[in-house]
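Got the viewer open? Give the model a slow spin, and then we'll walk through it one selection at a time.

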Amino acid sequence: MRSQTYIRLVLALGEHDKNYVDAYYGPDEYRGNDWSLDEIRAKAVALREDLATDLSEPRWRFMDRQVDGLLTRIDMLSGKQVSFDDESKTLYDIVYTRKDFSFYEDVIRSLEAVLPGGGSQLDRFESLRSKIEIPTERMQAVFDRALQLAREQSRKHIELPETETFELEFVKDQVWGGYNWYKGNSHSLIQVNTDFPSTIDRVIDLMCHEGYPGHHVYNSLLEKKLVNELGYVEFTVYPLFSAQSLIAEGTAEYGIELSFSPEEHLALTCNELAPLANLNTADVEAYMKVRDVIAPLGSLASDVASRYLDGEMSRSEAVDCFATYGLVSPERADQRVRFIDANRSYVLTYGMGKELVRNYVQSHDDRWAAFTKILCEPTLPSDLIR
Ligand SMILES: [Zn+2]
C-alpha cells in the first residue's frame, strides 16, 4: 500500500511540475490523480507518519527521505522561498561550500601556458576546440563505438540483464547535453543534444554517464534487483528532484573514471574515436592537455547557481560569469543559466555526488563490487558517509 501511495504522489506532483518525473514504468492505473498541491502535501505527511515506525529498514528509510524531498518540492512550487542551501540539503543531502571567483581566474590564467597562437584567449580556445568537433554525419558512428566500449567494460564487472538494450537519438533545443529516458524492461532511450557541436573528448564521458555504468545500468539494476526480485515496486518511479538523483549523478560521473583511467581515456579517444570522426590525432592530444587544465571549472555552475538563486547576482551577471570564466560563447552561457533556472540546486549533484561515490568506492578493495552495491540497493547519500 505504501508503495502504491508513494507512486501516486510522485506522479500527481508530476502533473504540476513537468520535469519532476524522470522515469515511470509501472502500471497506468496509478496515473491521473489531479490532486492539488495541498492534497498531495497532506497525503505525503500521512505517508511519512506511517513510515516513521519502520525507519530502521533501508527500504522505508529510503522512501521516507524521498517523501521529505517531495514535500520540499511542493513548498517550492507553492511559492515558498527556500534558500539554496536549505533546498540542496533537503532534496539531495548536500550543502555546497562556495569558492571565490578568484579560483576560476587562476584556472583561466594557467590556461595561457597550454594554449598556442595569437588573439584573445577565448578565440584561441575556440579555434582548438573547433578542430575536435565531430562532423554531424560521423556522430552516430562515433557515439555507437563509444557506447560499445563503455558497455564492454561494464560487462566485465557487472552482471547485467540479458535483455538490456538502449537506443541512441540526436535531438535539439534542450538545456542539457544528454539525457537517459529509462523505459522499463532494461531499455533506455539516450538522447544527445546537438544544439552545440559535440567534441570528441566528451564522447566516452557521455556514454559512460548516460549508459554504462551510469544511468542505464543504475535503472536496469534497480528494476532487476529491487522491483523484479524483491517486489519493491516504488522503484518503478523516479522523481528527479530527490536524494536518488545524487546517487544517480554521482555514480554516473564516477563511473567514467572507474571504467577508464586517464591514459585509457586518452588512448581510446585518439586511437578509436578520432579516426571514426576523421579528426587529427595531434589536435585531439593538444585539446586533452587543455581539458586537464580547465577541469576545475567544473564547479563554476555550483558557484554561479548558489549566488544567482539566492538573489545575490542578477540573471545577466550569471550569464556574464559563464562567459568570463566558463570559456563559452554568450549563447552557450545563456543556455547554462537556463539549465540552472530549470534544475536549480540539482547542478550540485554531479560534482558533489561524484566525490561522495568516489570516497566510498575507493575505501573498498573491490571497487566495482562496492560501486555495484550502491546501484543494487536502496542507497541514500548518507549511507556513503562513514
Ligand atoms: Zn545524468
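How many helices and how many strands are there in the chain? Switch to cartoon view and count along: you should find 17 helices and five strands. Keep in mind that this is a predicted model.

Stay zoomed out for a moment. The C-alpha trace spans about 65 × 50 × 40 Å along its principal axes. The chain's radius of gyration is 21 Å, close to the 21 Å that the globule rule gives for 386 residues, so the chain is as compact as a globular protein of that length. If you colour by burial, buried residues make up 40% of the 386 residues. Now think about contacts between residues at least 6 apart in sequence: 72% of them join residues at least 24 apart.

Next, select 2-83 and give it a colour, then do likewise for 92-384. According to the domain assignment, you've just picked out domain 1 and domain 2. Their centres, taken over C-alpha atoms, are 27 Å apart. Where the two meet, domain 1 puts 24 residues into the contact and domain 2 puts in 21.

Let's look at domain 1's side of that contact. Select helix 1 (2-14), strand 1 (21-24) and helix 3 (58-77): these are the elements that each give two or more residues to the side touching domain 2. Which of them provides the largest share? That's helix 3, with ten residues.

Last stop: colour that side of domain 1 by residue type. You'll get 13 nonpolar residues, six polar ones and five charged ones facing domain 2's side of the contact.

Terms used. Residues are numbered from 1 along each chain as its sequence is written. This is a predicted model: local features need pLDDT of at least 70, side-chain atom pairs count only at pLDDT 80 or more; totals for chains, interfaces and linings use all residues. Domain bounds come from an automatic or database domain assignment. Two residues are in contact if their C-beta atoms, placed from the backbone, lie within 7 Å. Helices (H or I, at least four residues) and strands (E, at least two) are DSSP runs, numbered from the N terminus. Ala, Val, Leu, Ile, Met, Phe, Trp, Tyr, Cys and Pro count as nonpolar, Asp, Glu, Lys and Arg as charged, and the others, Gly among them, as polar. The radius of gyration is taken over C-alpha atoms; the globule rule is 2.2 Å times the number of residues to the power 0.38. A residue is buried if 20 or more other C-beta atoms lie within 10 Å of its own, exposed if 12 or fewer, and partly exposed in between; C-beta atoms are placed from the backbone.
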